[in-house]
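Welcome, and please take a moment to look over the structure below. We will walk through it together, one region at a time.

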Amino acid sequence: MITEQDCLARDAADPLAAQRARFALPDGVIYLDGNSLGARPKAALQRAQEVLVAEWGDGLIRSWNTAGWYDLPIRLGSMLAPLIGAEGDEVAVTDSTSVNLFKVLAAALKMQESQPQRRLIVTERDNFPSDIYMAEGLLGWLERGYQLHLLDTWSDLPALLAGDSGAQVAVVMLTHVNYRTGRMLDMQTTTAQIHAAGALAIWDLAHSAGAVEVDLNGANADFAVGCTYKYLNGGPGAPAFIWVPARHHAQFSQPLTGWWTHRQPFAMQPAYAPAAGIRRALCGTQPVLSLALVECGLAMFGEVSMAALRAKSLALSSLFIELLAQHCARHPLELITPRAHAERGSQVTVMHPHGYAVMQALIARGVIGDYREPDGMRFGFTPLYTSYQDVWQAVMVLKDILDNQAYDVHAERSAVT
């Protein structure tokens, strides 16, 4: 039987416990939604003021040079690179995850042009919807007869690749950790299966970067994208990242050839000449204030190891699962997140027939998770600031709400759930 004292003892022994003080967490709130929007690093306020007052206010346009604004996407990419198993010159922080996915999907299809029989883009039906939408949008503009193939489950992929259709697959795009279930795929094995069929592998790391250990180069992946506003704590709508391995730099081209991707953007030449390396993955003028705040989140990861973060993440989510079984077993809760550590990201999703209403009741009582259709209550565990006592208290509040049916089944849906 796990007690609150056990949780307090774990916090006392936690080597990452001191990191919590670096975040602006409201009093009376247990924040378990870092898998959707990370908490604010305290340093972000001072950094925003520096950019607004000194760099923009005093430096004005000179700050593109004097404050290093021009190189921010590349410099931040080099900071992020170790978290995803990339080299420093392979990552840029820029644009949104959806826009970056459009770029790498277009690049991958371009690389497969010499094999005209490869006209299938494969993903799973339960992939994050925006990824599917971007693929649909791109295919609607292409002249060749490409088709989007949606797998009913990711486990159908090996059979598809090994069958007659395998020779028709150009690209497989998958999310490393599923946004709905928290299920994590074996990147290395899956990428090897994709390559064996002659296809290219694109990985979405939105729910992985900063939460689980990722080794893109070790897995021999082809492209990757992800966001910085979840576990990397870059701020709402913060610029995303794009990864192109050095081995693909010479072949890499993408259709959003804005002036920031030009070899000499300020030469103002009428003809396009692509920049070398990862700069080719940029597009237009960069959002300096947002980029500057991303650095505040990334800076913390230089002081902790991903192995330590992963160990605590698994300990927190395992504790949550154990406490649910201990205190809420009589309620109609269904765990859809894998129990196996190798198959789980840093969130736990539990289904309940009135999941939305229960989540709204939790939020009203200061336990903030979120909801995803159908019936899914998501709880994210961010090792930098989530404590073991947070997990205990969250389950106690959930137990009380369920025991007393203290939720409104007619709760009005908000625009963002």
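A good place to begin is a pair of strands: strand E3 (residues 120-124) and E5 run parallel, joined by three bridges. Please keep in mind throughout that this is a predicted model. Within this pair, valine 122 sits opposite valine 172 of E5.

Now stay with E5 and look at its pairing with strand E6. E5 and strand E6 (residues 200-204) are parallel as well, and five bridges hold this pair together. Valine 172 takes part here too, with alanine 201 as its bridge partner in E6. To get from E5 to E6, the chain passes through helix H8 (residues 187-196), and this β-α-β crossover is right-handed. How many of the seven residues of E5 are buried? In strand E5, which spans residues 169-175, seven of seven are, so to speak, under cover.

With these strands in view, let us step back to the sheet as a whole. Seven strands make up an open sheet, and reading across it you meet E2-E8-E7-E6-E5-E3-E4, with mixed pairing. Which strands stand at the edges? They are strand E2 (91-93) and strand E4 (147-151); each has a single partner strand, so one side of each has no neighbour in the sheet. On average, and ignoring direction, neighbouring strands of this sheet are turned by 20 degrees against each other. As a general point, side chains in a regular strand alternate between the two faces of the sheet.

At the E2 edge, the partner is strand E8. E2 and strand E8 (residues 241-243) pair in the antiparallel sense, with three bridges between them. One position to find here is valine 91, which stands opposite tryptophan 243 in E8.

Next, let us turn to the open spaces. The largest pocket has a volume of about 350 Å³. Its lining is made of 21 residues, and Phe128, His207, Tyr229, Lys230 and Arg372 are the ones nearest the centre of the largest pocket. Several elements contribute to this lining: helix H5 (97-111), helix H6 (129-139) and strand E12 (370-372) each give at least two residues. Sorted by class, the lining of the largest pocket holds six nonpolar, eight polar and seven charged residues.

The second largest pocket contains about 210 Å³ of space. H5 appears again here, giving the largest share of the lining, three residues. Among the residues lining the second largest pocket are Ala106, Leu109 and Lys110, along with Tyr146, Ser253, Gln254 and Pro255. By class, the lining of the second largest pocket has six nonpolar, two polar and four charged residues.

There is also an enclosed space to look for. The count comes to one cavity of 30 Å³ or more, and the largest cavity has a volume of about 30 Å³. Around the largest cavity you will find Arg20, Leu25, Val29, Ile30, Tyr31, Tyr385 and Asp390. This lining divides into five nonpolar residues, no polar ones and two charged ones.

Glutamate 143, another of the residues lining the second largest pocket, also gives us a sense of distance. Its C-alpha atom is separated by 43 Å from that of serine 63, with the two positions 80 residues apart along the chain. Serine 63 belongs to helix H3 (residues 63-66). Is serine 63 buried or exposed? Its relative accessibility is 2%, so serine 63 counts as buried.

Our last stops concern the backbone. Most residues other than glycine have a negative phi, and most peptide bonds are trans. Against that background, look at the bond between glutamate 373 and proline 374: this peptide bond is cis, with omega about -10 degrees. Proline 374 lies in the loop between E12 and strand E13 (376-380). Aspartate 375 is in the loop between E12 and E13 too, and although aspartate 375 is not a glycine, its phi is positive, at about 70 degrees. With a relative accessibility of 29%, aspartate 375 counts as partly exposed.

Methionine 268 also has a positive phi, near 55 degrees, in a residue other than glycine. You will find methionine 268 in the loop between E8 and helix H10 (288-301). Its relative accessible area is 55%, so methionine 268 is exposed.

Methods
Residues numbered from 1 in each chain as written. Heavy atoms only, no water. 1 Å grid on protein atoms, 1.4 Å probe; cavity = no way out; pocket = protein on both sides within 12 Å on 5 of 7 lines; lining within 4 Å. Points joined across faces, edges and corners; volume = space filled by probe spheres on them. Helix = DSSP H or I, 4+ residues; strand = E, 2+ residues; numbered from the N terminus. Nonpolar A, V, L, I, M, F, W, Y, C, P; charged D, E, K, R; others polar. Buried < 20%, exposed > 50% of the residue type's maximum accessible area, 1.4 Å probe, protein only. Pairing = 2+ DSSP bridges. Right-handed = clockwise from strand over helix to strand, strands pointing away. Axes fitted to C-alpha atoms, helices over the stretch in contact; angles between N-to-C directions.
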